[in-house]
Amino acid sequence: MGIHSVTYAVIDSPLGPLTLVGTDAGELTGLYMDQQRYRPDEAGFGDRDDATLPAVAEQLDEYFHHGRTKFDVPLHLVGTDFQRQIWTALQDIPYGETTTYGGLASALGLKPQSARAVGLANGKNPISIIVPCHRLVGSTGSLTGYGGGIERKRALLDHERGLQTLIN
């Protein structure tokens, strides 16, 4: 069963505007930040309807206000089998915690040299925040690349650790 049509909404967030892309069945297929690396052409997002995906908008608002630590909206992850394996595993990293690229590779039974492939798949994650790609860090704990920018990655991690609030 394929996607029949998609629509998108743009919502405000403490990280700037977020674009939510979803199917006609209400599944989230994309959550993109402004100027995000690997952001698809907006022409493929369908028609804009800012009332679409209200549960996603509500859960993101709860997340940004520390009321939510886990998301339960329906997702439709589109990618290779390996990418979907990585994106699914990201959802198992607990709120407020991080793991390394190599650590995730090891947890999935992959060879240590797979850390780079994990990083590449992580970078192509189409559903930021909800599929928490910001929770992967370098082997020394360094904040390596993030499609939304290192500043946003740091802000999300600090938010989850209770070190800063994203709400002014």
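This passage describes aromatic pairing, a buried serine and selected backbone features in a predicted model. Residues are numbered from 1 along each chain as its sequence is written. Because the model is predicted, local features need pLDDT of at least 70 and side-chain atom pairs count only at pLDDT 80 or more, whereas totals for chains, interfaces and linings use all residues, and side-chain values use heavy atoms, with hydrogens and water left out.

A pair of aromatic rings is described by the distance of the centres and the angle of the planes. The structure holds five aromatic pairs (rings of Phe, Tyr and Trp, the last by its six-membered ring, with centres within 6.5 Å; planes under 30 degrees apart count as stacked, over 60 as edge-to-face and the rest as tilted). Among them, the rings of Y63 and F64 have centres 5.3 Å apart and planes at 70 degrees, so this pair is edge-to-face. The rings of Y63 and F71, with centres 5.5 Å apart and planes at 40 degrees, form a tilted pair. Both Y63 and F64 are buried (under 20% relative accessible area, with exposed meaning over 50% and partly exposed in between, for a 1.4 Å probe and protein chains only), and F71 is likewise buried. Y63, F64, F71 and Y95 form one aromatic cluster. Elsewhere, the charged end of K124 sits over the ring of Y38, 4.8 Å from its centre (the criterion being NZ of Lys or CZ of Arg within 6 Å of the ring centre and within 35 degrees of the ring normal).

S128 lies in the loop between α4 (115-123) and β6 (136-137), where helices (H or I, at least four residues) and strands (E, at least two) are DSSP runs numbered from the N terminus. At 2% relative accessibility, S128 counts as buried, and its side chain reaches the backbone oxygen of L31 at 2.9 Å. When neighbours within four places in sequence are left aside, S128 is in contact (heavy atoms within 4.5 Å) with L31, Y32, M33, Q36, C133 and Y146.

Most residues other than glycine have a negative phi. Q35, in the loop between β3 (28-33) and β4 (47-48), has a positive phi near 55 degrees and counts as exposed at 79% relative accessibility. L53, in the loop between β4 and α1 (54-64), also has a positive phi, near 55 degrees, but counts as buried at 8% relative accessibility. In helix α5 (residues 150-160), L156 counts as buried at 0% relative accessibility, and the C-alpha atoms of L156 and I129, 27 residues apart along the chain, are separated by 8.2 Å.

Methods. Polar contact = N/O pair within 3.5 Å; in protein donor to acceptor, adjacent residues only side chain to side chain.
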